[in-house]
Amino acid sequence: MTDTAHATGHDVVVLGGGVAGCVLAARLSEDPGRSVCLVEAGRDYGPRRQDWPAKLLDARALPRDHVWERHTAAHRIRARVLGGSSCVNGCWHTWGSEADHAEWARAGGPRWTAAAMEPFRERAAARMGLRPVPEHEHSAWSEAALAAARSLGHPEVDMAAPGGPGYGTPLLNAVDGVRANAAFAYLEQARTRPNLTILDRATVDRLTVRGGRVHGVDVVMDQGRTTLRADTYLLASGTFGSPAVLLRSGIGPADDLARSGVRPVLDLPGVGANLTDQPGVFLPLRPTPGLNARLAEKEAAGDLYVTRTLIRAASPYCPEGAWDLHINPVAGPPLFGALPPGQYEAGVATFLMKPRSRGQVRLRSADPTAGLDLDPAFLSDEDGHDLAVLRSGLRMAEELAATVPLKSLAAPAEGPSPRELPDQELRGRVGTYWHPVGTCAMGAPDDPYAVVDGEGRVRGVSGLRVVDASILPTVPAANTQLPVLATAEMLAAALTA
Ligand SMILES: Cc1cc2nc3c(=O)[nH]c(=O)nc-3n(C[C@H](O)[C@H](O)[C@H](O)COP(=O)(O)OP(=O)(O)OC[C@H]3O[C@@H](n4cnc5c(N)ncnc54)[C@H](O)[C@@H]3O)c2cc1C
């Protein structure tokens, strides 16, 4: 297919139908006079929940299909389906600190302050139908974890709203075990609008840029290639996908592009740089037979969920009033692998929420179906800040595990605590919280690594904005879905103002 019906112009094309893409497509198509085309590489399973694969709906586990790569390192996992990573994630919603917003406002201006973002946080939370964890969804372990946090004197906080350090439960976009993804929340009504087209199984290859303006976007579909044209191009392919599209389009670090066989069009050194994700290390414990029995009962009743308790805690390196750690006591089936029936994994995970280490996304080739070179560079910062914060978090995890409520359910594992391991061994234990950001970072006009401004406009190219997690220059001290939803709501409002 070359020039087809899709190729006729739209006012706006949204490139990537994940969390941010669903918000933008829904909000911009509210005006019947604006034609919007939403392009997603994965499948659209439509408006009826019964037509969606059971694994994507089941909020009790993290599915490992409908992803870009199967059987890959955990930090590479990202969804490939309409609704994006909201279809495969833990359904947790938490919010960051004032300090996060101060960082963003320095890069992107006053739209990004905590006060200015608040209406968009509220709008996103309402649209996603976020709700507290119902009593019956707590396991014996998560109830004990809440008691343990109280016993150590942590204050109770609302996890999905502005506040300070403390313990609590996230808000969920899951009801009775069903994951209500962003496609349900944002596209259910929008789908019927004649001015919204959804193109699924359509992979964005590259943008054509001439004279500093985008002239079209090449998309690969089952039937062949097509070119879409629009007045405004909104890139929403996520922290890995959005820099990849820019790089294939010749927008990025010129030397690197030439090495990947792409003709440089615009030298923007920040594209693909600054990859920031939250690493974590697990303190394993040995569940007592009593805990295993209670978890097995819960599982048999269909009520064993991924753990829903956490403490946001401040290490000695953290600014006053903020937090730089999530301490998550977990017990249930392992995220990876399997245990014999009736046996479960228990422990306390420690996540570094404000890492200083920075990785990168690079092309392996100019082929849009080829894998990407993704290096999160966990715990690599030169001054050792990230390792120090992590060790301080692991000490807190040990203290939590030693409280009466938790130690009566799980005993310390044999061998040294991860905190005592040499640096290299500790690095070998690192997993991810799956909250990558930063690869098309917004920044001030004098920042040579800025890719976009505070409204997502790509520097040096007119008609093109990036509107997803990739523009956040620093990761918030939060799970990123609610911050990304609020960001997309805010950018949609800026576009339509
Ligand atoms: C396993 C996992 C668990 C997580 N758990 C949580 C959690 O519990 N709570 C939380 O707050 N956050 C969680 N997150 C993070 C959260 O899901 C992300 O922050 C959020 O989805 C980011 O939104 P986005 O729109 O930037 O990207 P995504 O939602 O990933 O959307 C990007 C979309 O673009 C599409 N795309 C990419 N490249 C192309 C291309 N070339 N052409 C066409 N389409 C393309 C993708 O297929 C995808 O649909 C988790 C993430 C993962 C992967």
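Here, a residue counts as near the ligand if one of its heavy atoms lies within 4 Å of it. By that yardstick, 37 residues sit around the ligand in this predicted model. The other big topic is a protein split into domain 1 and domain 2, and a couple of loop residues with positive phi round things off.

**Around the ligand**

- Of those 37 residues, the ones that come nearest are Glu-40, Trp-92, Val-204, Thr-480 and Gln-481.
- Sorted by class, the shell is made up of 17 nonpolar, 15 polar and five charged residues.
- Helices α1 (19-28), α7 (238-248) and α13 (481-496), along with strand β9 (202-210), each chip in at least two shell residues.
- The largest share comes from α7, with four residues.

**Polar contacts and burial of the ligand**

- Ser-85 uses an N or O atom of its side chain, 3.0 Å from an oxygen atom of the ligand.
- Val-19 works through its backbone instead: an N or O atom there is 3.2 Å from a ligand oxygen.
- For Trp-434, the partner is a nitrogen atom of the ligand, 3.5 Å from a polar backbone atom of the residue.
- On its own the ligand would expose 1000 Å², and the protein buries 95% of that.

**Two domains and what lies between them**

- Both domains are pieced together from three stretches of the chain: domain 1 takes 5-95, 180-275 and 436-496, while domain 2 takes 134-169, 279-352 and 379-429.
- Their centres, taken over C-alpha atoms, are 32 Å apart.
- Contact between them involves 15 residues on the domain 1 side and 19 on the domain 2 side.
- The size of an interface is often given as the accessible area lost when the parts come together.
- For this pair, that buried area is about 1300 Å², with carbon and sulfur atoms giving 60%.
- Within domain 1, the residues that lose the most area to domain 2 are Arg-60, Trp-92 and Trp-95, which together make up 49% of what that side buries.
- Trp-92 turns up twice, then: it is listed among the residues nearest the ligand, and it is one of the three that lose the most area in domain 1.

**Loop residues with positive phi**

- Most residues other than glycine have a negative phi.
- His-66 isn't a glycine, yet its phi is positive, at about 60 degrees; you'll find His-66 in the loop between α2 (54-57) and β3 (92-93).
- Ala-377 isn't a glycine either, and has a positive phi of about 50 degrees; its loop runs between β20 (372-375) and α10 (385-401).

Definitions and conventions
Residues are numbered from 1 along each chain as its sequence is written. This is a predicted model: local features need pLDDT of at least 70, side-chain atom pairs count only at pLDDT 80 or more; totals for chains, interfaces and linings use all residues. Side-chain values use heavy atoms; hydrogens and water are left out. A polar contact is a pair of N or O atoms within 3.5 Å; within protein, one must be able to donate a hydrogen and the other to accept it, and residues adjacent in sequence count only if both atoms are side-chain atoms. Accessible areas come from the Shrake-Rupley method with a 1.4 Å probe; for residues, only the protein chains shown count as cover. Ala, Val, Leu, Ile, Met, Phe, Trp, Tyr, Cys and Pro count as nonpolar, Asp, Glu, Lys and Arg as charged, and the others, Gly among them, as polar. Domain bounds come from an automatic or database domain assignment. Contact means heavy atoms within 4.5 Å. Buried area is the accessible area (1.4 Å probe) that two parts lose on being put together, summed over both.
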